[in-house]
Structure formats: C-alpha cells, structure tokens
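Okay, thanks for squeezing me in. Let me put the model up on the screen, and then I'll talk you through a few spots.

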Amino acid sequence: EHVAHLKLLHARLGATLDHIILNREFPGYSWEELPGRYPTWVQNFTHRVTDISSLGNVQNHQNRFVNLNFFERKDALREGQIVKAPIHVEARGTRDGARITWAYDEPNLRGFHVYRDEVRLTDAPLPPTVFHYEDHYDGVADYRVSVVDLRNRESPQSLPYRCKAGSADTTPPHIVVVSPPVTGAEGRPADVTARILDGRVHDQVSATLYYRAPGQDAWASLPMTRRVRSVFNATVPGEAIGADGIEYYIAASDGANEAVYPPAGADNALMLTAYPAREESELSPPSRVTTVDGVRIEWQEQPGAHWYRIYRGTTSEFEAGPATRVTYVAGCTTAFRSNGFGFDGSLLRGSYYYRVTAVDATGTESAPTASVEVVYP
C-alpha cells in the first residue's frame, strides 16, 4: 500500500515536470522533435487517476492542453510536407514482438515502409490497403512508418511510438477502477468496471474479478468481459450479495505480467456494503420499440419505469449487459438517438442493433426488448 502511494506521488511529480518542459520547449519543436515529453506526460497524468474526481481533472486538463497545443502544432507541420506522413501510428507488444498499426488520409500512394529505430524493416513498400505490420523482435524500440507515393517519393517518417516488444515487456498492467461500487442492494447484481492500461496488444490483456462474502475462505472468480480495447466489465450475480455484502478485488494479466487492484489484492480487498432491497416489482420491457428515420429509436412509456437502459451490439441476438450498455435515460423519455460514435470513439458504419430495458425505483431491471436495427452510412 505504501508503494502504491509512492507511485502516485512519483506520477504526480513526473507529470508536473513534463508539463513544465512542454510549456517551455513545445512551441519550437520541429517534426523530428515531436512528440517530445508528451508520451511520458500522458502516462504520468493517467497514472494519477484514483477516482472519478481525479479522472475528470486529468482528462479536462490533458485534453485541453493536447487539443490546443499538440494537435495544432502536429497538423501544421504535417501540412507542410510534400508527401504527408502516416497518422495514428501505434506499436503494441506481442508475445514474440510488436504489432504496428497506422492510418492514412491522402490519395495517390504506392505503399508504406516500416522502421524500427531508424532501420527500415520492409524491403518493398507494403500495399496501400495494408495498415499493420508484425515485427518479431525482443527489445525496446521506436517504430515509425512512412509513405511512398506514385512518383516513388517517400514521406518523412511518422512520429515515433515506443514499444516494449516481446519478452522486453516486464511491466505489469496498471489497473484503474474509477469509483468502484461501495454499496448495493441485497440480492441485486452489482456491476464493476476496470480500465487495464498496458503496452501489449489489447487481445492479449485479460481481467478477472474475485469476490466472496466477508468471512469466507474461498474466492469466486468471474472473467471480466472486454467492453472495448482495455475497458472490462463484470456483473456480480445478485444471489452472491447477501446482507453482509461482498469483498472483491481485480486481477489483470498481459500474458506475461500480472497485477491486482487494490495493490494488496486479497489482503486489502474492496468492500461492497449491502442495504435491504425494496420489494421487487414485476416490470415488463418497453413495448413498441421501433426505429424512426433510420437512426432514432422510440418506444412506448412503460408504467413503473424510473429510467431506461439502452444497449447496442453488432448482431440481432447480442446480449444486453455492461459490455454493451450505451447509456440510460429518464423514465419520462421514450426516444434515443445515437451520436454516431462507437465505444472506442470511431464512427459507426453499417448495421448495429439496439435493445432497451426498463428499470424501476428498486433497481430491478426488466428483460430486454427484441433488437431493432439502425444502419449508419
């Protein structure tokens, strides 16, 4: 526990130093000097998060600084390039190397070259439809990507992305639980969400929730479901939450390194205190759920509903749960229109399916409705 507090202090001091240096040096950065202290500043800032308040402060400050400084400078420098460098370059570790991904938003390209520490890995340009590369390598490296246009001109290399490739990654995941549940109704399910920050590719990162009634010896385990990228959800079943509540902790793994939250794990687990639940009511799902104008969902008001939960999936038979929950609206609301963005912030395209549930004042949730389709252009 003391080590965890020292790590928080170290991250806070590190973020302050990074911010001072960025304020002093960033206006004069060239393309080759980017991103400067931004990666360590972002990491130190993120590792300060302990609750919803610190998350809000960090995100507001960081997003404002990045949007007003970094993006503006990066875009201005890239605009001056004859052949523009790739964007959104990311390198994440795998068990035997690194996976590099990128995007490109300009026409007339022949393909891409990939570099590791300034050494070109591709003999010939990758096809213009390929936006990923697998590198088999052990070590810490900076990866960059360049573009070759139809006139065989090569762009400047992209901004570097540092990666601990293969067995070089000995850093355990960093588990962030924002406002973990501390109270819940006896006999009612409880949702737990965790963000697992790690340098490995997302599909190699996993999380498990452990819980038990206070005083018991054995822990029950529940694999957490990936909501998107590094965000995981799990729902403790209602029958596991008795009058004494539960204690719980989270374990995460990237396939080679493991971590627990709280830092002491089972020795200092989180506690959910139960309060007597109100009498359950029989609540039916909303009726007459339809799509209007192709993108707006409407339903008929359900008597007894204090709010409605909206879920989204990629198939008509998707499961309504924490990993697919979009939002909730008040009981007096009978319509919902998506902003058009997915859980990862990307634009929704093609067919998606929505289901709606009604929730009463006791927290009892109805069964979900049948799914309705929304087609995004």
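I'll go through the nonpolar cores, then a hairpin, then a small sheet. Bear in mind that this is a predicted model.

So, the cores. The largest nonpolar one has 24 residues. Which residues have the most contacts inside it? Those are I175, I196, L209, M224, Y248 and I250. As for the elements that give two or more residues to this core, they are β10 (190–197), β11 (206–212), β14, β15 (246–253), β16 (258–261) and β17 (270–275). There's also a second, separate core of 19 residues, and A98, I100, Y104 and L126 are among them. As background, nonpolar side chains in soluble globular proteins tend to be buried together.

Let's stay with I250 for a moment. Leaving out residues up to four places away in sequence, I250 touches I175, V177, V192, A194, T208, L209, M224, A259, V260 and Y261.

Next, the hairpin. Strand β13, residues 225–228, pairs with strand β14, residues 231–236, in the antiparallel sense over three bridges. One pair to click on: V228 has V231 in β14 as its bridge partner. Two residues sit between the strands, and R229 in the turn has a positive phi of about 50°.

Last, the small sheet. How many strands does this open sheet have, and in what order? Three, running β18-β19-β22, with antiparallel pairing. β18 (287–292) and β22 (335–337) are the edge strands, each pairing on one side only. From one strand to the next, the twist averages 15°. β19, residues 296–300, is joined to β22 by three bridges, and E298 has A335 in β22 as its bridge partner.

That's it from me.

Note on methods
Residues numbered from 1 in each chain as written. Predicted model: local features only at pLDDT ≥ 70, side-chain atom pairs only at ≥ 80, totals over all residues. Heavy atoms only, no water. Pairing = 2+ DSSP bridges. Helix = DSSP H or I, 4+ residues; strand = E, 2+ residues; numbered from the N terminus. Core = buried A, V, L, I, M, F, W, Y, C linked by side-chain atoms within 4.5 Å. Buried < 20%, exposed > 50% of the residue type's maximum accessible area, 1.4 Å probe, protein only. Contact = heavy atoms within 4.5 Å. Axes fitted to C-alpha atoms, helices over the stretch in contact; angles between N-to-C directions.
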